[in-house]
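Reader: I'm new to this structure and would love a close look at a single part of it. Could you pick one strand and walk me through its surroundings, then say a bit about the charged pairs?

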Amino acid sequence: MQTTKQDLTGKIALVAGATRGAGRTIAVELGRGGATVYVTGRTTRTQVSEVGRADETIEGTADLVTEAGGKGIAVPTDHLDPGQVRALVERIDQEQGRLDILVNDVWGGNYLLDFDTKMWDVDLERGLRMLDLGVRTHLITSNIALPLLVRNPGGLVIEVTDGTAEANKDLMPARNLYYDLAKNAPIRMAFLLGHELESAGGTAVVVTPGFIRSEEMLDAFKLTEETWREGIERQEHWDLSETPVYVARGIAALAADPDRARWNTRSLSSGRLAREYGVTDQDGSRPDFWAFYAAQKAGEEPKSADYR
């Protein structure tokens, strides 16, 4: 089981979209390494975003970051509003004078996803809202935050998405066009930003979890983290699912790696990071859904037990 603490002492991080799921746990694991972490989102203790999950707040995330050993700072931010993002970055600059790690995890569009629906049958406003949430937010945040991040060499940008670059080339089942665009755009962003950041000594990567057992996903299956195995008979690949902590531990290890530039422009999965850095999920396992999926697509008959 993973026990090594990643050393991020003195690092300043911004996790954009840290209300719940992977974003929340990424913020916590960066804090566990000693980082000061600015956590943003739209759901606070006094207002709730369109996602409608009132118990998951940025203040709650900030508290968890501090409890883990870092310093959590909650800043309510709608990342579709450039003015709010500018105010956020100006605050980081005033309080810290630097930004070392930017994690672009803004999403919140799962409630808009119409599975197995042709593009022309999807309500246009729902489709465009997904692109706003998954693409425009990332562009606005990077455009405004990167001048601060590149002020010092060694800056790291992590785009968070769904699916590896290789898998998403032909991943069609249960997708719709708008969701597919929203989740492929961060892959291209990381590739292009990685090249642009090289001259400033920076690195950009895109990271995907596997089949993630987020709070939202567990609720959808009417399960808890204690009872999740009850869903194995009902949902394909559920036996390869992982907690949000898994990808967060891999990202924290990547952020603490002095040789992280070797990953520049790359698409990485939680399973790949686990192998490279020796991290595990909470139960000590190392699930690798995307490697399993690749074996299936290659015509093999992989066994789940060999990929956990």
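Author: Here is a walk around one strand, followed by a look at some salt bridges.

A quick note before we start: this is a predicted model, where local features need pLDDT of at least 70 and side-chain atom pairs count only at pLDDT 80 or more, while totals for chains, interfaces and linings use all residues. Residues are numbered from 1 along each chain as its sequence is written, and side-chain values use heavy atoms, with hydrogens and water left out.

Let's go to strand 2, residues 36-41. Helices (H or I, at least four residues) and strands (E, at least two) are DSSP runs here, numbered from the N terminus. Six of the six residues in strand 2 are buried, and buried means under 20% relative accessible area, with exposed being over 50% and partly exposed in between (1.4 Å probe, protein chains only). The cover is on both faces: T36, Y38 and T40 are buried on one side, and V37, V39 and G41 on the other.

Now for the neighbours. Two strands pair if DSSP finds at least two bridges between them. Strand 1 (residues 12-16) pairs with strand 2 in the parallel sense, over five bridges, and A13 has V37 as its bridge partner in strand 2. To get from strand 1 to strand 2, the chain passes through helix 1 (residues 21-32), in a right-handed β-α-β crossover. Right-handed means that, with the strands pointing away from the viewer, the path from the first strand over the helix to the second runs clockwise.

Strand 2 also pairs with strand 3 (residues 71-76), again in the parallel sense, this time over six bridges. There, T36 stands opposite K71 in strand 3. Strand 2, helix 2 (residues 58-68) and strand 3 make a right-handed β-α-β unit too.

On to the charged pairs. Side chains of opposite charge can pair when their charged atoms come close. A salt bridge here is a side-chain nitrogen of Lys or Arg within 4 Å of a carboxyl oxygen of Asp or Glu, and the structure holds 19 of them. One of these joins E50 and R42, with the closest N and O atoms 2.8 Å apart. E50 counts as partly exposed because its relative accessibility is 31%, and R42 is partly exposed as well, at 23%.

K169 and E166 form another salt bridge, at 3.3 Å between the closest N and O atoms, and both of these residues are exposed.
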